[in-house]
Amino acid sequence: MLKELIDKIYLDRDKDREQHHFYITDAGKCSRAIFFKFKNIPRERMAPEVLRMFDHGDYIQMQIISNLFSLGIVRASEIKIPPQELISGRADAIITLNNELYVVDFKSMNSMVFKGLSQPKEDNINQIQLYLHFFKIPKGIILYINKDTLELKEFLVEYNPAIAQKLLKDLSDLKTKIESNIVPLRIPGYPDDWQCQYCQFKEICQIAGGREISFSEFQKKVEAQNKVSEV
């Protein structure tokens, strides 16, 4: 009854949508998964409880930003990067501490992941590097929040232009592949990389194979697999 109605809200919100531009959260991520999103390839559905956990994390972050506002150190929140063609993104906050500007990025996670965190995660570093690049701010803070206990961990990140430029180049190269209908290589760590473990395109990626192929060849492989499954 009520559960089904609530689940439907979340499932409807998570319907497949064709992606038309890169987000900063795509930086350093699996090129093939991003390609599939751009082509609106059917993906494995997320469970409603997982989607609710994302909402829960957002609510916790709103509470934290409210606390920072009360300290009078927030200069901007939910601020978009300057408009440009390749990528879009929105930083959680820009604050002032000891007369220095910092970009702050909030990340919430469960206790198991939080307790094992001794340094910032690589994908989080990639994201904040691009924020620092576009806002021309030399320092950032990644603030991790334990969703189960509300404990906090923070890590200072300094702008590294080499990292930022490589991330932008990789996205530019991927844009060319998307426009040319070339399915990228599998991620080097396949199938053990953490991205593979949680990927919504696991089955379709396996059908595509490991090498770079044309989108038309990929579609033929999928059609052939579907015919086998129907037999």
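**View 1. Strand S4 and its pairing with S2 in the predicted model.** Isoleucine 79 has alanine 91 as its bridge partner in S4, within a model that is predicted. This contact belongs to the antiparallel pairing of strand S2 (residues 74-80) with S4, which runs over 5 bridges. Strand S4 spans residues 90-97, and because 6 of its 8 residues are buried, the strand is largely enclosed by the rest of the structure.

**View 2. The hairpin formed by S4 and S5.** Strand S4 also pairs in the antiparallel sense with strand S5 (residues 100-109), again over 5 bridges, and leucine 97 stands opposite glutamate 100 in S5. The two strands are joined as a hairpin with 2 residues between them, and in this turn asparagine 98 has a positive phi of about 50°.

**View 3. A salt bridge between two buried residues, aspartate 105 and lysine 107.** The closest N and O atoms of aspartate 105 and lysine 107 are 3.5 Å apart, and the two residues form one salt bridge of the 8 that a search of the whole structure finds. Aspartate 105 counts as buried because its relative accessibility is 4%, and lysine 107, with a relative accessible area of 17%, is likewise buried, the cut-off for this class being under 20%.

**View 4. A salt bridge within helix H6.** Aspartate 170 and lysine 166 form a salt bridge in which the closest N and O atoms are 2.8 Å apart. Because they lie 4 residues apart in helix H6 (residues 161-180), the partners are separated by about one helical turn. Aspartate 170 counts as partly exposed at 35% relative accessibility, whereas lysine 166 is exposed, with a relative accessible area of 53%.

**View 5. The salt bridge of arginine 211 with glutamate 217.** In this pair the closest N and O atoms are 2.4 Å apart. Arginine 211 is partly exposed, its relative accessible area being 45%, and glutamate 217 is also partly exposed, with a value of 27%.

**View 6. The second largest pocket and its lining.** About 230 Å³ of space lies in this pocket, whose lining includes Ile41, Pro42, Glu44, Phe201, Lys202, Phe215 and Val222. Helix H8 (202-208) and helix H9 (215-230) each supply at least two residues of the lining, and the largest share, 4 residues, comes from H9. Sorted by class, the lining of the second largest pocket has 7 nonpolar, 2 polar and 3 charged residues.

Definitions and conventions: Residues are numbered from 1 along each chain as its sequence is written. This is a predicted model: local features need pLDDT of at least 70, side-chain atom pairs count only at pLDDT 80 or more; totals for chains, interfaces and linings use all residues. Side-chain values use heavy atoms; hydrogens and water are left out. Buried means under 20% relative accessible area, exposed over 50%, partly exposed in between (1.4 Å probe, protein chains only). Two strands pair if DSSP finds at least two bridges between them. On a 1 Å grid over the protein atoms alone, a cavity is a set of points where a 1.4 Å probe fits but cannot get out, and a pocket is an open set with protein on both sides within 12 Å along at least five of seven lines; lining residues have an atom within 4 Å of a point. Grid points are joined across faces, edges and corners, and a volume is the space filled by probe spheres set on the points. Ala, Val, Leu, Ile, Met, Phe, Trp, Tyr, Cys and Pro count as nonpolar, Asp, Glu, Lys and Arg as charged, and the others, Gly among them, as polar. A salt bridge is a side-chain nitrogen of Lys or Arg within 4 Å of a carboxyl oxygen of Asp or Glu.
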